[in-house]
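Ready for some practice in reading a protein structure? Work through the exercises below with the model open, and try each task before you look at its solution.

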Amino acid sequence: MEFLQEIARNAWVQYDYSRRLEESLDVLKTEMQELISQQTDIFISLNKAEVVYGKKAKAEVSLWIENVEMITSAVTKIEEVYGEIGRDFSLPRIALGKRVLKKIEEVVKLKEKGQFSEGLLADLLPESGSMPTTKLVGRLTVERNLEQIWESLMDQEVRTIGVYGMGGVGKTTIMTHIYNKIQSSGIFGLAIWVTVSNDSNIERLQNGIAREIGLDISYEDDEMIRSRKLFQALKRRGKFVIILDDMWKSFPLEKVGIPEGKAYKIVLTTRSKNVCRGMKCQKKFEVEVLSWEEAWELFKERLGANVVLSPEVEQIAKLVTEECGGLPLGIITVASAMREKEDIREWRNALEELKCSTMEIEGMDDQVFPILKFSYDRLKSERIRSCFLYCALYPEDYEFHDEDLVKYWIAEGLIDDMGDWEKDQDKGHTVLNKLIDVCMLVRKSPIAVVMHDLIRDLAIGIMRKNPQFVVKVGKGIRGSIGVEEFTEEVVNFSLMRNEIEMLSGDPNCPKLSTLLLQENPLSGNISHEFFNRMNSLRVLDLSKTGIEYLPESVSNLENLCMLLLRSCKRLREVPSLLKLKRLRFLNLSETRIKEVPHGMECLVNLNDLYVSSAEVTNRINVVGCNSLMLPDSIIKLYLRDCKLSSLSCLSRLQHCNLWRCIMKWLLPIGDNSTIIRSLPSIQSLYLTDLPNFRGLCEGVLMPGSFACLKVLSVWRCKVLENVMSLELFQHLQSLECIRIIECSEMEEVIKGGEEGDNNNNNNTIILLPNLKFFTLSNLGKLKSVCKRIIICPSLFEINITGCTLLKKIPLSMGNSTSVVSGEIKGSKEWCDALEWDDPNTKTLLLPLFHEEEDEKGRGMKRKAEQVIEIASTSQHQ
């Protein structure tokens, strides 16, 4: 009985599958519609996450999507089968009914799984894709930097690399190319880019790096814990490169949490070379401005590839490009502003605006200058900012010699008076180096700097807002300038390079501190009362003007620190300087004065003096009553075409250059019983074309004389037979350079030391531990350098030429194995006959020998060269 009941139940279930098939299909369709809607919503979310945030789906989400696709396909097949079997009761309907119910269960379960309460997206390491960048312009400039930086990244010994340069020069552009190259190369596992703001601290820098690697440490207050977590997270990443863009100060990497090791590279960009030093960069690369050709290429590209300029407009466009000074940001901004401009008047106006620093070109005031001004604002003190602005008183592209610029700053009072020449100089050069480090000044040569055109425009723009600055450089001002221009508020007034003929009246300028008038004709001279009401004047520059006399009112400028009258070739009269007690710098070179001004000996603060004559036949007298009319305060002295007796009274003198001066001895003549102590501070001594010069001193010197001498240069002193005595020479322990050239009567450099000479001690050697440079040139009568052996272990360069009578080179480098540069020239016979006191020195110096032809051979060679030149010229004609 039970068996029959079970058969009946099974039969009914199967019948029910068939009977309810259509109803079940409707339920399946409804569930599938909800599942598909759920899938669509998830697709939308995933697509947004990938496109916007670069994130990927979790593995379980991807599997769920695959299952949805599979069940969708299965349901489609069910619908196909249902269309084939019809509505009559049959076994296929029964089987299909079972399948439909099973799929309904599967769909319901998929819908439940598709809730994903813990999110759709995987918590993976962030992917650092390529960055948008611009085309590199400048094969020689920019691409060279890119190649060098990349080579350093590939160098296993280099860990930290610094890239520095002025704002807008293209540092970030270069580094985006480097970043993308790192990404595509696959050499490093991870590239991290962090833009470091100017007000960043260690915490912000840590957060920036952590964000890039998907680490959240923002909740941690303790710097050490943050550092440890970041350190551990970075170590787990393996090889990586961190690019720190636009750094303004240095941070200790260990405090940040960046691990040490050759696998971890740090590249930073900054406007300050000092930041590179602080970050201990092993390689430093300066991104310089573009060359003219590269700048023009960039300018044309930004104007538009298809733009054709008329010859007239192109000529102006090139001048406009030139005014941008090779700064890519400036070039791009100006070129973009001038796109589709065809009117030549607009181009001329743009050129004038750039020349006048008006900042009115579209984009300059809100794109270029804010970036440049940011560097200005970051200068540490108002005093350094004032030193920077002072440079803009000079013309565009003006080349400042380092020493001259520091003197201006000192005289203007921008450098604290330390009461010591050397300390003042050190402080001034420290400021100069700071401005170079932050690229506000550009190194032009080892001894000179310039201000970039756009940086100067920035400075002019800043000064225009301040009535204390008036800059009218090269404005073509003619005739005279009105007294009304000299306002009561003006402090720094520059009228350089104009056509001003006359300065008249009595301007009231109680605050005026610097007045620059150089390179004006001033042939009408200056009224005598002109300086009466300029009591604060510290710097007065009248160099290269046509003045015949200096007005009497200059004598009352008691605060004057610098008076420059260089190349005033008509100047014959300078009034008394007796009251100018604060004067530190005085330049009277290439004038027509006949004697130094009255009161010179009373200038107790005078440190720097240049005196020379514009007339070859006129000797300027610097001697009064057989004594030098110069104060003992002088530290740097340049005298040319002067009459003087000696320099014995200048105990503070450090640097001296005498040229074509009338004197016999540098120090007074004395007999053997006279003890003279002089020039204890002298460091460099240049003696050139002294027609009567006999030597440094004829008397006996007290110990300490010339003790600081480092450089001794003697050139074309025609009657000089020897430079100094052995007694003096053996005490010159500071000597670094000896240079003796074209002294036709010189037979020995150092006098004395012969055997039996009672005036000499028994030492057979002289030690000059610091001697690095030794030159003897065209000394036709020279037979001896010194009768003693000269020990010079630091010798770096030696040059001996045209000394055919010299028999011995008495130099010994001891046990040194250093490579010495230079040359020793003469005939082979002369070289073979040379005597050496030290075999090791001979071995080191003989490779410098170059055979020199005799005079007959040189004459024949010159004649042959002339014949060839004539023949060549004839052929070309």
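**Exercise 1: a salt bridge between two loops**

Asp641 is buried, with a relative accessible area of 0%. Keep in mind that this is a predicted model.

*Task.* Find which residue forms a salt bridge with Asp641, and describe where the two partners lie.

*Solution.*
- Step 1. Look for the partner: Arg660 forms a salt bridge with Asp641, and their closest N and O atoms are 2.8 Å apart. A salt bridge needs a side-chain nitrogen of Lys or Arg within 4 Å of a carboxyl oxygen of Asp or Glu.
- Step 2. Place both residues. Arg660 sits in the loop between strand S23 (655-659) and strand S24 (675-676), while Asp641 sits in the loop between strand S21 (636-640) and strand S22 (642-643), so the pair ties together parts that are 19 residues apart in sequence.
- Step 3. Check the cover. Arg660 has a relative accessible area of 25% and is partly exposed, whereas Asp641, at 0%, is buried.

The background idea is simple: side chains of opposite charge can pair when their charged atoms come close.

**Exercise 2: salt bridges within a helix**

*Task.* Asp377 and Lys373 both lie in helix H15. Work out how their side chains meet, and whether each residue is buried, partly exposed or exposed. Then do the same for Asp832 and Lys828 in helix H21.

*Solution.*
- Step 1. Start with H15, which covers residues 364-377. Asp377 and Lys373 are 4 residues apart there, about one turn of the helix. An α-helix has 3.6 residues a turn, so residues three or four places apart point the same way.
- Step 2. The side chains of Asp377 and Lys373 meet in a salt bridge, 2.9 Å from N to O.
- Step 3. Relative accessibility is 41% for Asp377, which counts as partly exposed. Lys373, at 30%, is partly exposed.
- Step 4. Move on to H21, residues 828-833. Asp832 and Lys828 are 4 residues apart, about one turn of the helix, and their side chains form a salt bridge of 3.0 Å, N to O.
- Step 5. Asp832, at 54% relative accessibility, counts as exposed, while Lys828, at 43%, is partly exposed.

For the wider picture, a search of the whole structure finds 32 salt bridges.

**Exercise 3: two helices that cross**

*Task.* Describe how helix H16 (residues 382-390) and helix H18 (residues 421-437) pack.

*Solution.*
- Step 1. Read the geometry: the angle is about 75 degrees and the axes are 11 Å apart.
- Step 2. Name the arrangement. Angles of 65 to 115 degrees count as roughly perpendicular, and H16 and H18 are therefore roughly perpendicular to each other.
- Step 3. List who makes the contact: Ile384, Cys387 and Phe388 come from H16, and Val431, Lys434 and Leu435 from H18.
- Step 4. Sort these residues by class: 5 are nonpolar, none are polar and 1 is charged.

**Exercise 4: a covered helix**

*Task.* How many residues of helix H17 (residues 402-412) are buried?

*Solution.*
- Step 1. Buried means under 20% relative accessible area.
- Step 2. Count: 9 of the 11 residues in H17 are buried, and the helix is mostly covered. Among them are Leu405, Trp409 and Ile410, and also Asp402, Lys407 and Glu412.
- Step 3. Step past the end. Just after H17, Gly413 takes a positive phi of about 90 degrees.
- Step 4. Zoom out: across the 877 residues of the protein chain, buried residues make up 48%.

How values were computed:
Residues are numbered from 1 along each chain as its sequence is written. This is a predicted model: local features need pLDDT of at least 70, side-chain atom pairs count only at pLDDT 80 or more; totals for chains, interfaces and linings use all residues. Side-chain values use heavy atoms; hydrogens and water are left out. Buried means under 20% relative accessible area, exposed over 50%, partly exposed in between (1.4 Å probe, protein chains only). Axes are lines fitted to C-alpha atoms, for helices over the stretch in contact, and angles run from 0 to 180 degrees between N-to-C directions. Helices (H or I, at least four residues) and strands (E, at least two) are DSSP runs, numbered from the N terminus. Angles under 35 degrees count as roughly parallel, over 145 as roughly antiparallel, 65 to 115 as roughly perpendicular and the rest as oblique. Contact means heavy atoms within 4.5 Å. Ala, Val, Leu, Ile, Met, Phe, Trp, Tyr, Cys and Pro count as nonpolar, Asp, Glu, Lys and Arg as charged, and the others, Gly among them, as polar.
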